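Colleague: I should like to learn how to read the features of a helical model, one at a time. May we begin with helix crossings?

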Amino acid sequence: MSAQIFGEFFGTLILMAIGDGTVACALLKQSKGENGGWLAITTGWGLAVMSGVMASLAVGGVGHLNPAVTVALAIGSGDYSNVVPFITAQMIGAFCGAVVVWLLYLPHWAKTPDQGTKLGIFCTGPAIRSIPMNALTEFLATTIFVIVGFSFGSKGVSATGLPGGFGPYLWGMLVWVMGLSCGGPTGYAINPARDLGPRIAHQLLPIAGKGGSDWGYALVPVLAPLAGGVFAAIICKATGII
């Protein structure tokens with residue numbers, strides 16, 4: 001396994017352990033963070049992205065941690081050789097990160113009666129279920145996310161590029177504000193691995209009192225962010241961002 005592929009696995013595992021861990025802390029019964037609210041969750045996810053990217057870079061990875069970002073960068077560069085291995089590593093890392101969260105909060109699952117709450121710790125779901133509109137939300141949110149994220153490294157922002165180690169902080173802040181602005185309708189997956197890997201974990205793990213994994217919705221946070229990443233890459237190429 002190359003360092004870059006391991007970095008995608010490792011960084012995504014850290015991302016999910018902290019991100020889903022934040023949600024578990026805020027939602028599970030008898031957690032010290034119970035009722036932490038949306039601000040705590042979005043803040044945690046922003047810091048989770050920063051931490052995951054840092055961890056990925058530290059072990060020789062590139063810090064994508066998101067199939068939508070991987071696909072968008074492949075379109076921008078014309079090099080598709082890493083798409084399949086990176087996305088595979090991201091999915092496995094997300095699954096493993098969800099397992100870590102299950103273990104971290106092992107006594108709390110049985111104390112939490114609501115099955116939807118437990119599912120929501122692992123994956124996203126819409127506040128108002130309307131598949132076309134939910135897909136549009138995820139598409140638009142991911143488009144904005146990728147365009148702004150790629151802008152950080154554009155020549156228009158800095159002719160010499162960002163200072164070393166600065167990018168993860170900006171990506172983390174971006175995820176934070178994406179949750180505060182665009183997260184209300186669907187929980188802002190904006191990352192197919194972030195949703196699908198933990199959803200599979202929810203399906204397979206012996207979580208006390210769990211319900212179904214809502215596979216009828218599962219394609220929305222996978223396909224819509226991928227489409228948003230493709231669209232964002234086209235815009236970034238057309239405008240000179242990349």
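Modeller: We may. In this predicted model, helix α1 passes α4 with a right-handed crossing.

Colleague: At what angle do the axes of α1 and α4 cross, and how close do they come?

Modeller: The angle is roughly 35°, and the axes of α1, residues 3–27, and α4 come within 7 Å.

Colleague: Which residues of α1 meet α4?

Modeller: On the α1 side, the contributors include Ile5, Phe9, Leu13, Met16, Ala17 and Ala24. Facing them from α4 are, among others, Phe86, Ala89, Ile92, Gly93, Cys96, Gly97 and Val101. Sorted by class, this contact of α1 with α4 holds 15 nonpolar, six polar and two charged residues.

Colleague: How is the pair α6 and α9 to be described: at what angle do their axes cross?

Modeller: The axes of α6 and α9 cross at roughly 40° and come within 7 Å. Angles under 35 degrees would count as roughly parallel; α6 is therefore oblique to α9. The contact of α6 with α9 has 14 nonpolar, five polar and one charged residues. Among the residues of α6 that take part are Ile131, Ala135, Phe139, Val146 and Phe150, and those of α9 include Val220, Ala224, Gly228, Phe231 and Cys236. The crossing of α6 and α9 is right-handed.

Colleague: Helix α6 also packs with α7. At what angle do α6 and α7 pack?

Modeller: Helix α6 (residues 131–151) and helix α7 (residues 167–182) pack at about 150°, their axes being 11 Å apart. Angles over 145 degrees count as roughly antiparallel, and α6 and α7 are therefore described in that way. Their crossing is right-handed. Thr137, Ala141, Ile144, Phe145, Val148, Gly149 and Phe150 of α6 are in contact with Trp171, Leu174, Val175, Met178 and Cys182 of α7. By class, the residues of this contact are 10 nonpolar, two polar and no charged.

Colleague: Let us turn to the cysteines. How many disulfides does the model contain?

Modeller: The general approach is to look at the separation of the sulfur atoms, for which the cut-off is 2.5 Å. By that rule the count is zero disulfides.

Colleague: Why does cysteine 123 form no such bond?

Modeller: The closest cysteine sulfur to that of cysteine 123 belongs to cysteine 96 and is 17 Å away, too far for a bond. Cysteine 123 is also buried, with a relative accessible area of 2%. Likewise, the sulfur of cysteine 236 is 16 Å from the closest cysteine sulfur, in cysteine 182, which is too far for a bond. Cysteine 236 is buried, its relative accessible area being 0%.

Colleague: What lies around aspartate 195, and is that residue buried or exposed?

Modeller: Aspartate 195 is buried, with a relative accessible area of 0%. Its place is in helix α8, residues 192–204. Setting aside residues up to four places away in sequence, aspartate 195 touches Phe122, Cys123, Thr124, Ala189 and Pro221. The C-alpha atoms of aspartate 195 and cysteine 123 are 4.8 Å apart, although 72 residues separate the two along the chain.

Colleague: How should one read a backbone with a positive phi, and which value does glutamine 30 have?

Modeller: Most residues other than glycine have a negative phi. Glutamine 30, which is not a glycine, has a positive phi of about 65°. This residue lies in the loop between α1 and α2, and glutamine 30 counts as exposed at 57% relative accessibility. Aspartate 214 is likewise not a glycine and has a positive phi of about 55°. Aspartate 214 belongs to the loop between α8 and α9 and counts as partly exposed at 25% relative accessibility.

Colleague: Which residues does histidine 108 touch?

Modeller: Histidine 108 touches Leu28, Lys29, Gln30 and Ser31, not counting residues up to four places away in sequence. Histidine 108 lies in the loop between α4 and α5 and is buried, with a relative accessible area of 17%. Lysine 111 is placed in the loop between α4 and α5; with its neighbours within four places in sequence left aside, lysine 111 is in contact with Lys29 and Gln30. At 49% relative accessibility, lysine 111 counts as partly exposed. From lysine 111 to serine 31 the C-alpha distance is 9.8 Å, with their positions 80 residues apart in sequence.

Terms used: Residues are numbered from 1 along each chain as its sequence is written. This is a predicted model: local features need pLDDT of at least 70, side-chain atom pairs count only at pLDDT 80 or more; totals for chains, interfaces and linings use all residues. Side-chain values use heavy atoms; hydrogens and water are left out. Buried means under 20% relative accessible area, exposed over 50%, partly exposed in between (1.4 Å probe, protein chains only). Axes are lines fitted to C-alpha atoms, for helices over the stretch in contact, and angles run from 0 to 180 degrees between N-to-C directions. Helices (H or I, at least four residues) and strands (E, at least two) are DSSP runs, numbered from the N terminus. Angles under 35 degrees count as roughly parallel, over 145 as roughly antiparallel, 65 to 115 as roughly perpendicular and the rest as oblique. A crossing is left-handed if the near helix is turned anticlockwise from the far one by less than a right angle, and right-handed if clockwise. Contact means heavy atoms within 4.5 Å. Ala, Val, Leu, Ile, Met, Phe, Trp, Tyr, Cys and Pro count as nonpolar, Asp, Glu, Lys and Arg as charged, and the others, Gly among them, as polar.
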